[in-house]
Amino acid sequence: MKLLRRVPHPSRRTALVLCAVAALVAVFGWAYLAFAVAPRDDATGSPRQQAAVDAATHATIAILSYGSDTVDSDLERASDLLTGSFADYYSSFTRDVVIPAAKEKKIDTSATVVGKAITEFSEDRAAVLVFLNQSTKTVDVAEPTTTSTTVRIEMERHGTTWLVAKFDPA
């Protein structure tokens, strides 16, 4: 008796080949997306973004909070958190306008951050929106006046430190 070899039906063979090809495409597609397209953790990972947001939040409070008796040292500490042309502007504006007014009118002001969001991010630059309430008291008005505002802050990374390069109230 002659043994007959069983030959798979052409549609079964085609289905097996198509399944194998689909599996290979899926593996290569996953590898491409995971390694070529996905953002690098060291450039846009959440710890770096969080560091930029935290630095912007801290700087906003420092820039907008001072006491009439401590205004010189308060704003000097804030200036350490700034860079570039904004640092130059802030230095002259606080020296010429803010410090004299704070001392003369006994202005005490404090900022409280109520929300924050990162809007742009790269390895060395970030843009952060900070939502805040600012309470101000003067010698003429004993009851604090509270205002709410939003500030768009551009941050630059210098080494491991994020500094304010631009500060735009919205």
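This is a selection-by-selection tour of salt bridges, a surface patch, one glutamine and several aromatic pairs in a predicted model.

**Salt bridges**

The structure contains 9 salt bridges. Begin by selecting D74 and R77, whose closest N and O atoms are 2.8 Å apart in a salt bridge. Both residues sit in helix α4 (residues 71-79), where a spacing of 3 residues separates them by about one helical turn. Colour the pair by accessibility. D74 has a relative accessibility of 13% and counts as buried, because the cut-off for buried is under 20%. R77, with a relative accessible area of 51%, is exposed; the cut-off for that class is over 50%.

Next, select E120 and R152. Their side chains form a salt bridge with an N to O distance of 3.0 Å. This pair links distant parts of the chain: E120 belongs to strand β1 (residues 108-121) and R152 to strand β3 (residues 145-158), 32 residues apart. E120 is partly exposed at 48% relative accessibility, and R152 is partly exposed at 24%.

Now move to K166 and D168. The closest N and O atoms of this salt bridge are 3.9 Å apart, and the cut-off for a salt bridge is 4 Å, so the pair is counted. K166 is partly exposed at 38% relative accessibility, as is D168 at 30%. Then go back to E120 and R152 and add E154 to the selection: salt bridges with shared partners join E120, R152 and E154 into one network.

**A nonpolar patch on the surface**

Show the surface and select Y89, F93 and V97. These residues make a nonpolar surface patch of about 270 Å². Y89 is part of helix α5 (residues 84-104) and is partly exposed, at 47% relative accessibility.

**Around Q134**

Select Q134, in strand β2 (residues 125-137). Is Q134 buried or exposed? Its relative accessibility is 16%, and Q134 counts as buried. Look for the polar atom of the Q134 side chain that lies 3.0 Å from the backbone oxygen of L64. To see the surroundings, expand the selection to the residues that Q134 touches, leaving out those up to four places away in sequence: L64, T109, S110, A111, T145, T146 and T147.

**Aromatic pairs**

There are 5 aromatic pairs in the structure. One of them is F86 with Y90, a tilted pair with 6.1 Å between the centres and 45° between the planes. F86 and Y90 both lie in helix α5, 4 residues apart, or about one turn of the helix. Both residues are buried.

Select F121 and W162 next. The ring centres of F121 and W162 are 5.9 Å apart and the planes meet at 40°, so this pair is tilted. F121 is in strand β1 and W162 in strand β4 (residues 161-169), so the pair ties together parts that are 41 residues apart in sequence. W162 is buried, with a relative accessible area of 7%, and F121 also counts as buried, at 18% relative accessibility.

For the last stop, select F86, Y89, Y90, F93 and F167. Ring pairs link these residues into a cluster. Y89 and F93 have already appeared on this tour, in the nonpolar surface patch with V97, while F86 and Y90 are the buried pair visited above.

Technical notes
Residues numbered from 1 in each chain as written. Predicted model: local features only at pLDDT ≥ 70, side-chain atom pairs only at ≥ 80, totals over all residues. Heavy atoms only, no water. Helix = DSSP H or I, 4+ residues; strand = E, 2+ residues; numbered from the N terminus. Buried < 20%, exposed > 50% of the residue type's maximum accessible area, 1.4 Å probe, protein only. Patch = residues over 30% accessible without salt bridge, like charges linked within 9 Å, V, L, I, M, F, W, Y side chains within 5 Å. Areas by Shrake-Rupley, 256 points an atom, 1.4 Å probe, with all protein chains shown as cover. Polar contact = N/O pair within 3.5 Å; in protein donor to acceptor, adjacent residues only side chain to side chain. Contact = heavy atoms within 4.5 Å. Phe/Tyr/Trp six-rings, centres within 6.5 Å; stacked < 30°, edge-to-face > 60°.
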